[in-house]
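Me: I'm new to this one, and I'd like a close look at a single part. Could you pick one piece and walk me through how it sits with its surroundings?

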Amino acid sequence: MPTILPGSAQFETAVYGTIFAERARVVARLQVGDQLILVPDAPGVESPSVWVHAPGGDVVGHVSPELSRWMVQRMLDGARYGAVVSGVATADTESWKRLTMTVTRT
């Protein structure tokens, strides 16, 4: 995927970490168009991430470290982002390409 500039109003990105714990089961029940919830780590975390949750709260994964570097601080400063599933691939697809989402600053 192309580089996403800090402050982009809308972009598509992969969700990382979808194969750990029971996350693959959560991914399997998602469909294109489903809403996702984005939650930044709390202040003070050494390498903070933006976590991706399915409806109901199950953790699906996180955005890339590159995106987290600027998204976390913006979110902690009050920026809000919404996300929807834009693609779900099969289990034989590389884990970092299995779930993609469109993120929109609201």
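**A helix and its sheet**

Reply: Let's start at the far end of the part I picked: helix α2 is followed by G78, whose phi is positive, near 115°. Keep in mind that this is a predicted model. The helix itself covers residues 65-76. Is its length what you'd expect? At 1.5 Å a residue, the twelve residues of α2 should span 16 Å, and that agrees with the end C-alpha atoms, which are 16 Å apart.

Now for what α2 rests on. It lies across β1, β2 (35-40), β3, β5 (81-88) and β6 (99-105), and runs at about 85° to β2. Those strands belong to an open sheet of six, ordered β1-β6-β5-β2-β3-β4, with antiparallel pairing. At the edges are β1 (10-14) and β4 (59-62), each of which pairs on one side only. From one strand to the next, the twist averages 30°. Over at the β4 edge, β3 (residues 50-53) pairs with β4 in the antiparallel sense over three bridges, and there W51 stands opposite H62 in β4.

Back to the helix: which residues of α2 are buried? They are L67, S68, W70, M71, V72 and M75. Their cover includes β1, β2, β3, β5 and β6. As for spacing, an α-helix has 3.6 residues a turn, so residues three or four places apart point the same way. You can follow that in the structure by stepping from L67 to W70 or M71, each of them buried.

Conventions. Residues numbered from 1 in each chain as written. Predicted model: local features only at pLDDT ≥ 70, side-chain atom pairs only at ≥ 80, totals over all residues. Heavy atoms only, no water. Pairing = 2+ DSSP bridges. Helix = DSSP H or I, 4+ residues; strand = E, 2+ residues; numbered from the N terminus. Axes fitted to C-alpha atoms, helices over the stretch in contact; angles between N-to-C directions. Contact = heavy atoms within 4.5 Å. Expected span 1.5 Å × (residues − 1). Buried < 20%, exposed > 50% of the residue type's maximum accessible area, 1.4 Å probe, protein only.
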